Amino acid sequence: MSATGRVAREASLSKLRLSIAVGDYDRNRPLLDGEVQIDGVDPVFMKLVPEEIFFRAFRHAEFDVCEASLSSFTIKTAQGTNPYIGVPAFVSRAFRHTGIFIRNDRGIERPEDLKGKRIGCGEYQLTANVWIRSLLEDDYGIGLSDITWVRGGVEQTGRTEKISLDLPSEIKVVPAPPDKTVNQMLVDGDIDGFIGPRSPSSFDARHPNVVRLFSDPTSAAADYYRRTKVFPIMHMIGARRTIVDQHPWLPAALLKAFEQSKRVALGRLNDTSATKITLPFVEEQLQAARSLMGEDFWSYGVGPNRHVLDMFLKTHHSQGLSSHRLSVDDLFHSTTLEAFKI
C-alpha cells in the first residue's frame, strides 16, 4: 500500500463508522455524494423509502442513524422505549391539504361533511395523518370521534401499525377486511374517503369518483400558513442512544452536516442558469415560497420550529397517541438545542 493510501486508510479507521438510512432528497444529496462530510464519522449510507426505514428502525432498531417519523418517534419517546435520540434536522416537511381524498358521490362538498363518514388510512399514527386530523379539528370542528377510521394496507393487504397503540375508546379505528386494500375499498365505495402521505393509486389513475377534498390545496395550505405560521414537520433524524452515550458529540455533528447539506441544495436550486429539478415554474414557486414564508422557509433546529413542534406534541397527545404530553426538549439531544455564535 502506498503512503498516501495508508494515510487515507488510517484516517478512515480513526472515524466512527455508522450506518445512516435516509431518503434520496436534494437536501440530503450533498451528504450522500460525499460533498458534505460529517465531523468524525465514516458513514455507510443507505438510500431507502420512508416506509422501509421506519419499519426497520422502530421494529428492529437496525440503523445507527436514520430518518424517523415524527409521530413514531414521539410515541416511542413517550413510552420510554425509543432506541434513538432526536436531531432536529427536519428532512421532510409538507402541507397535507393534498393528502385528503374523497369519493365525489357521497355528498361531501366541504370538510365539515366528513362528519359521520368512514375514512381509510394506512396507519392511524402516521405523522401526515396526525397533521390532517389536526387541521380538520382546528379549522373545521371535526372531532376524532366524528369519523370512523378504517386502517389497512393502502396498496397491499396485511399492513399493520408498526407501533402498538392504546387509543381512547371514543376513537373508532377498525381494520380493513383481510382480503381488501384500502384503495380497493375506496374504489368499491366501502369507504367515503382516504387520508395519507401518498395518494391512492385510484386517484393517480384518475378514477372518476376519487378526488381531493380541497380542489385548490395550495391556496388552502397558504391560508393555513398565514394564520398559523406552521409548516408541518414530517421526519427528523434519530441517532442510536447507546452510541450517543459513548460519543456525545455525534448529535451536534449530525445537525451541522445536515444543515450544510441543505444549504448546498438550496444554493443550487437558486441557480437558475439550468433548472436542477425536472419541473417547470421552479423559479416562480421558489419566489412564492419566500414571499409567503421568508428566506429560511425550510428551517432546521429547535429554535425556529419550537411552535411547530409544540403544536404537534399537543395534538399528538390529544389524539391518544402519546401516553403523556411531551415537551419539545424531550425529543432532542441537549447538544442540539443551542449552537455557538461568533
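An open sheet of 5 strands, with mixed pairing, runs in the order S2-S1-S3-S11-S4. Its edge strands are S2 (41–47) and S4 (84–93), each pairing on one side only. The model is a predicted one. The largest pocket holds about 1400 Å³ of space, and the second largest has a volume of about 770 Å³. The whole structure also has 2 cavities of 30 Å³ or more.

**Sheet and covering helix**

- Neighbouring strands of the sheet are turned by 30 degrees against each other on average, with direction ignored.
- Edge strand S4 runs antiparallel to S11 (residues 233–240), and 6 bridges join the two.
- Valine 87 has isoleucine 237 of S11 as its bridge partner.
- Helix H10 (residues 250–270) lies across S1 (16–22), S2, S3 (65–69), S4 and S11.
- The angle between H10 and S4 is about 10 degrees.

**Positive phi outside glycine**

- Most residues other than glycine have a negative phi.
- Alanine 61 has a positive phi, near 50 degrees.
- Alanine 61 sits in the loop between helix H3 (50–60) and S3.
- The relative accessible area of alanine 61 is 19%, so this residue counts as buried, the cut-off being under 20%.
- Phenylalanine 281 also has a positive phi, near 65 degrees.
- The loop between H10 and helix H11 (282–293) holds phenylalanine 281.
- Phenylalanine 281 counts as exposed because its relative accessibility is 60%, where exposed means over 50%.

**Largest pocket**

- The lining of the largest pocket has 39 residues.
- Phe95, Phe231, Gln285, Ala289 and Trp298 lie nearest the centre of this pocket.
- Helix H8 (217–228), H10 and H11 each supply at least two lining residues.
- H11 gives the largest share of this lining, with 7 residues.
- By class, the lining has 24 nonpolar, 6 polar and 9 charged residues.

**Second largest pocket**

- The second largest pocket is lined by 29 residues.
- Nearest its centre are Glu51, Glu123, Leu126, Arg159 and Arg198.
- H3, helix H5 (127–140) and S11 each supply at least two residues of the lining.
- The largest share of this lining, 5 residues, comes from H3.
- The class split of this lining is 10 nonpolar, 11 polar and 8 charged residues.

**Cavities**

- The largest cavity has a volume of about 60 Å³.
- Residues lining the largest cavity are Arg268, Leu269, Asp271, Thr272, Ala274, Thr275, Lys276, Val282, Glu283 and Leu286.
- H10 and H11 each give at least two residues to the lining of the largest cavity, and H11 has the largest share with 3.
- The lining of the largest cavity divides into 4 nonpolar, 2 polar and 4 charged residues.
- The second largest cavity has a volume of about 40 Å³.
- Lining the second largest cavity are Arg133, Leu136, Ile142, Gly143, Leu144, Ile147 and Trp149.
- By class, the second largest cavity is lined by 5 nonpolar residues, 1 polar and 1 charged.

Key:
Residues numbered from 1 in each chain as written. Predicted model: local features only at pLDDT ≥ 70, side-chain atom pairs only at ≥ 80, totals over all residues. Heavy atoms only, no water. Pairing = 2+ DSSP bridges. Helix = DSSP H or I, 4+ residues; strand = E, 2+ residues; numbered from the N terminus. Axes fitted to C-alpha atoms, helices over the stretch in contact; angles between N-to-C directions. Contact = heavy atoms within 4.5 Å. Buried < 20%, exposed > 50% of the residue type's maximum accessible area, 1.4 Å probe, protein only. 1 Å grid on protein atoms, 1.4 Å probe; cavity = no way out; pocket = protein on both sides within 12 Å on 5 of 7 lines; lining within 4 Å. Points joined across faces, edges and corners; volume = space filled by probe spheres on them. Nonpolar A, V, L, I, M, F, W, Y, C, P; charged D, E, K, R; others polar.
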